Amino acid sequence: PRRLTQDDSEHGHPSWSPDGRLIACYWARSGWDYPQHNQVAVVDAETGERRVLTESLDRQCAPYPLVGEPVWDGDSIVFALEDRGNTHVYRVRADGSAAPEALAEGEFGVTGYDARDGVIVDTRSYTTVPGELYAGERRLTEVTKAFCEGRELVEPERFTAVSEDGSEVDAWLVRPAGFEEGKSYPVVLNIHGGPFSQYTTKFFDENQVYAGAGYAVVYSNPRGSSGYTEEWGRAIRGPIDGGPGWGTVDHQDLMAVADEALRRFDFLDGDRFMVTGGSYGGYMTSWIIGHTDRFRAACSERAVNNLYSEFGSSDIGWAFKAWTGAYAFEDIDSHLK
């Protein structure tokens, strides 16, 4: 074995070019400089020289959960990209001679892709369709047809909220199944985990279950989410590098989303407002009910409520060094704070 990469940056999911001269991969600057966008890069299989191909996009090019490794198609590389709640398919020339171009984009989330001789196929999910196979805009399968036709699935409505400092936050509302004009409905504010992840335009069973139970559901991608600029995703780092940390501008964004939903949709009952979320979303649920009484109920799901005990009792407790600057045993106070 011969090591090709010589610095402390990260290279993952290698994919050999057809002629064996190059290795495409996902590349990130370093593990502790987090969060950051993964980029598509190529590494020379002889010299280890690296060329990063996607920095101009300022988007996460290795969506979570991972859609697939970079796929070679001739002298180009096909990959997936997160963009404002969607997951799209892009192509970029391996020599970097042209800007990346979109192959499949719209209000949907790609969950897999492949390429052969210029033909691109992908599996994608829409908000009310769990997932099917497509070639371009042509749908090739009807695997989920019976499931979708057997129940009422509600199309979310995208809207924008403006936070305290003027930042615009993408948000969605799912009306209750069987919605009737003139009726008032209880509301659930649902907060995603991560925080460097995104709520998507893919089918999301959890929100459809809430809607089926008679609730309206509000969800969003506040600062700290992926799918936007790297600055947006890094906005709640801290206390490392003097960043504000969790429960700051993300909290402001979530409250702005709640306010805008109540203003925009008059059938929402602000006196029957619940907040919930899992993992980081559970942390934010706990944070929110410690700072406001506006919510009638809360469910802090599988929550990260104590970062100190998280270090010794979870699979990713070590990762919080990227937010605090130290491991829990090196700096207890930052984790407790």
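In this predicted model, the buried residues of helix 5 are covered by elements that include strand 15 (185-191), helix 4, strand 17 and strand 18 (297-303). Helix 5 is mostly covered, with seven of its 10 residues buried. The buried residues are Y280, G281, G282, Y283, M284, T285 and I288.

## Helix 4 against helix 5

Two packed helices are described by the angle between their axes and the distance between the axes. Helix 4 spans residues 249-264 and helix 5 spans residues 280-289; their axes lie 11 Å apart, at an angle of about 80°. Helix 4 and helix 5 therefore count as roughly perpendicular to each other, since the range for that term is 65 to 115 degrees. On the helix 4 side, the contact involves D250, H251, L254 and M255, and these meet Y280, M284, W287 and I288 of helix 5. Sorted by class, this contact holds six nonpolar residues, one polar residue and one charged residue. Of the helix 5 residues in this contact, Y280, M284 and I288 are listed among the buried ones.

## V275 in strand 17

Strand 17, which helps to cover helix 5, runs over residues 268-279 and contains V275. V275 has a relative accessibility of 0% and so counts as buried. Leaving out residues up to four places away in sequence, V275 touches L189, I191, T285, I288, I289, F295, A297, A298 and C299. Two of these contacts, T285 and I288, are themselves buried residues of helix 5. V275 and G312 are 37 residues apart in sequence, and their C-alpha atoms are 28 Å apart.

## Pocket and cavity

Helix 5 also takes part in the second largest pocket: helix 5, helix 7 (321-324) and helix 8 (332-336) each supply at least two residues of the lining. This pocket holds about 440 Å³ of space. Its lining has 21 residues, and those closest to the centre are W246, Y283, L307, S334 and K337. One of these, Y283, is a buried residue of helix 5. The classes in the pocket lining are nine nonpolar, 11 polar and one charged.

Which residues line the largest cavity? The lining consists of T127, P156, V174, K202, F203, F204, N207, Q208 and Y219. By class, five of the lining residues are nonpolar, three are polar and one is charged. The volume of the largest cavity is about 50 Å³, and a search of the whole structure finds one cavity of 30 Å³ or more.

## Backbone exceptions

Most residues other than glycine have a negative phi, and most peptide bonds are trans. The table lists exceptions to both patterns.

| Site | Backbone value | Location |
|---|---|---|
| Y34 to P35 | cis, omega near 0° | P35: loop between strand 2 (22-28) and strand 3 (39-44) |
| G238 to P239 | cis, omega about 10° | P239: loop between helix 3 (230-233) and helix 4 |
| R84 | phi near 55° | loop between strand 6 (76-83) and strand 7 |
| D241 | phi about 55° | loop between helix 3 and helix 4 |

The loop between helix 3 and helix 4 holds P239 as well as D241. Are R84 and D241 buried, partly exposed or exposed? R84 counts as partly exposed because its relative accessibility is 36%, whereas D241, at 68%, counts as exposed.

## N86 and S309

The loop that holds R84 leads to strand 7, and N86 is found in that strand, which covers residues 86-93. N86 has a relative accessible area of 5% and is therefore buried, the cut-off being under 20%. Apart from its neighbours within four places in sequence, N86 is in contact with L81, G106, E107, F108, R158, Q198 and T201.

S309 belongs to helix 6, residues 307-313. With a relative accessible area of 38%, S309 is partly exposed. S309 and E69 are 240 residues apart in sequence and 34 Å apart in space, taken from C-alpha to C-alpha.

Notes: Residues numbered from 1 in each chain as written. Predicted model: local features only at pLDDT ≥ 70, side-chain atom pairs only at ≥ 80, totals over all residues. Heavy atoms only, no water. 1 Å grid on protein atoms, 1.4 Å probe; cavity = no way out; pocket = protein on both sides within 12 Å on 5 of 7 lines; lining within 4 Å. Points joined across faces, edges and corners; volume = space filled by probe spheres on them. Nonpolar A, V, L, I, M, F, W, Y, C, P; charged D, E, K, R; others polar. Helix = DSSP H or I, 4+ residues; strand = E, 2+ residues; numbered from the N terminus. Buried < 20%, exposed > 50% of the residue type's maximum accessible area, 1.4 Å probe, protein only. Contact = heavy atoms within 4.5 Å. Axes fitted to C-alpha atoms, helices over the stretch in contact; angles between N-to-C directions. Parallel < 35°, antiparallel > 145°, perpendicular 65-115°, else oblique.
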